Amino acid sequence: MPVHVFVAISQEGKDLLYPKLSELLLGGVAFFILFAFMYRWVVPRANQMLEQRRQKIQGDFEAAESSRSEAEKLLGDYRTQLSGAREEANRVIEEARKTAETMRRELEVKAQEESRKIVERAQEEIRSERDRVFQELKAQVGELSLALAGRMVGESLDRDRHIRLVDDYIRELERMPGGNGNGHGGGSSGEGSGG
């Protein structure tokens with residue numbers, strides 16, 4: 001093959017390898033039109049979508065943070081209420097215990113007072129019964145001593161005078177230091193003086 005053919009083939013190969021100027025210009029214009037279109041409409045729309053997405057994510061994050069803060073606040077409130085409820089329960093239990101103790105003391109005082117009143121009434125009844133029996137015995141002793149003295153002397157004594165003598169004797173017995181007012185005096189010297 002001659003050299004000039006080779007040079008022609010190599011020249012055509014270069015032309016095939018490199019783009020033509022018209023193609024470069026057309027490609028450059030198309031690129032700039034596409035770039036301008038992308039820059040003017042697509043990129044702002046993509047940025048807007050990205051900004052909306054970022055705002056949505058940030059809003060979700062803030063909402064989640066707010067929910068977490070609210071949940072922590074509610075948990076704190078719940079713990080405070082629970083602590084307050086425990087304190088209130090302890091206070092109510094303590095008050096109930098104090099009330100029960102106070103009621104127990106009041107019942108003891110009332111029971112003691114009632115038993116004291118019952119004892120006083122019983123003692124009063126015993127005293128009144130003793131006085132009644134003493135008065136009955138006093139009358140019977142007077143009559144018996146009058147009858148006994150009448151038999152011993154052999155004559156009838158004046159009943160009123162004898163009762164007066166017996167009453168005087170009983171009063172003397174009551175006045176004696178050893179006497180307790182129940183007819184059982186400490187001395188025996190007065191027994192013969194009444195007849």
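Hi everyone, let's start with one pair of residues: F37 and W41 sit 4 residues apart in helix α2, about one turn of the helix. Helices here are DSSP runs of H or I with at least four residues, strands are runs of E with at least two, and both are numbered from the N terminus.

Before I go on, a word on where this comes from. The model is predicted, so local features need pLDDT of at least 70 and side-chain atom pairs count only at pLDDT 80 or more, while totals for chains, interfaces and linings use all residues. Residues are numbered from 1 along each chain as its sequence is written, and side-chain values use heavy atoms, with hydrogens and water left out.

Now the overall picture. The protein has 3 helices and 0 strands, and along the sequence that reads α-α-α. Of its 195 residues, 6% are buried; buried means under 20% relative accessible area, exposed means over 50%, and partly exposed is in between, with a 1.4 Å probe and protein chains only. About 16900 Å² of the protein is exposed, and carbon and sulfur atoms supply 60% of that. Those areas come from the Shrake-Rupley method with a 1.4 Å probe, and for residues only the protein chains shown count as cover. As for contacts, meaning heavy atoms within 4.5 Å, residues 24 or more positions apart account for 28% of those with a separation of 6 or more.

Let's go to the aromatic rings. How many aromatic pairs does the structure hold? There are 4 aromatic pairs. In F31 and F35 the ring centres are 6.2 Å apart and the planes meet at 25°, so this pair is stacked. The rule takes rings of Phe, Tyr and Trp (the six-membered ring for Trp) with centres within 6.5 Å, and calls planes under 30 degrees apart stacked, over 60 edge-to-face and the rest tilted. F31 and F35 are 4 residues apart in helix α2, which covers residues 21-153, so about one helical turn separates them. F35 itself is partly exposed, at 48% relative accessibility.

Back to our opening pair. With ring centres 5.4 Å apart and planes at 45°, F37 and W41 count as tilted. F37 is partly exposed at 42% relative accessible area, whereas W41 is exposed at 53%. W41 also has a charge over its face: R40 lies there, 5.8 Å from the ring centre. For that call, NZ of Lys or CZ of Arg has to be within 6 Å of the ring centre and within 35 degrees of the ring normal.

Two groupings are worth finding on your screens. One aromatic cluster is formed by F31, F32, F35 and Y39. Then there is a nonpolar surface patch made of L34, F37, M38, W41, V42 and V43, with about 550 Å² of accessible area together. Patches use residues with over 30% relative accessible area and no salt bridge, joining like charges within 9 Å and nonpolar side chains (Val, Leu, Ile, Met, Phe, Trp, Tyr) within 5 Å. M38, one of the patch members, is in helix α2 and is partly exposed at 36% relative accessibility.

On to the charges. Side chains of opposite charge can pair when their charged atoms come close. A salt bridge here is a side-chain nitrogen of Lys or Arg within 4 Å of a carboxyl oxygen of Asp or Glu, and the count comes to 16 salt bridges.

Let me show you three of them. R116 and E113 meet at 2.2 Å, N to O. They are 3 residues apart in helix α2, about one helical turn, and both are partly exposed: R116 at 37% and E113 at 32%.

E108 and R104 have their closest N and O atoms 2.5 Å apart. Here the spacing in helix α2 is 4 residues, again about one helical turn. E108 is partly exposed at 37%, as is R104 at 38%.

The third is E124 with R127, at 3.0 Å from N to O. These two are 3 residues apart in helix α2, about one helical turn; E124 is partly exposed at 45%, and R127 is partly exposed at 38%. Which residues do shared salt-bridge partners join into one network? That network consists of E101, R104, R105 and E108.

That's my tour, thanks for listening!
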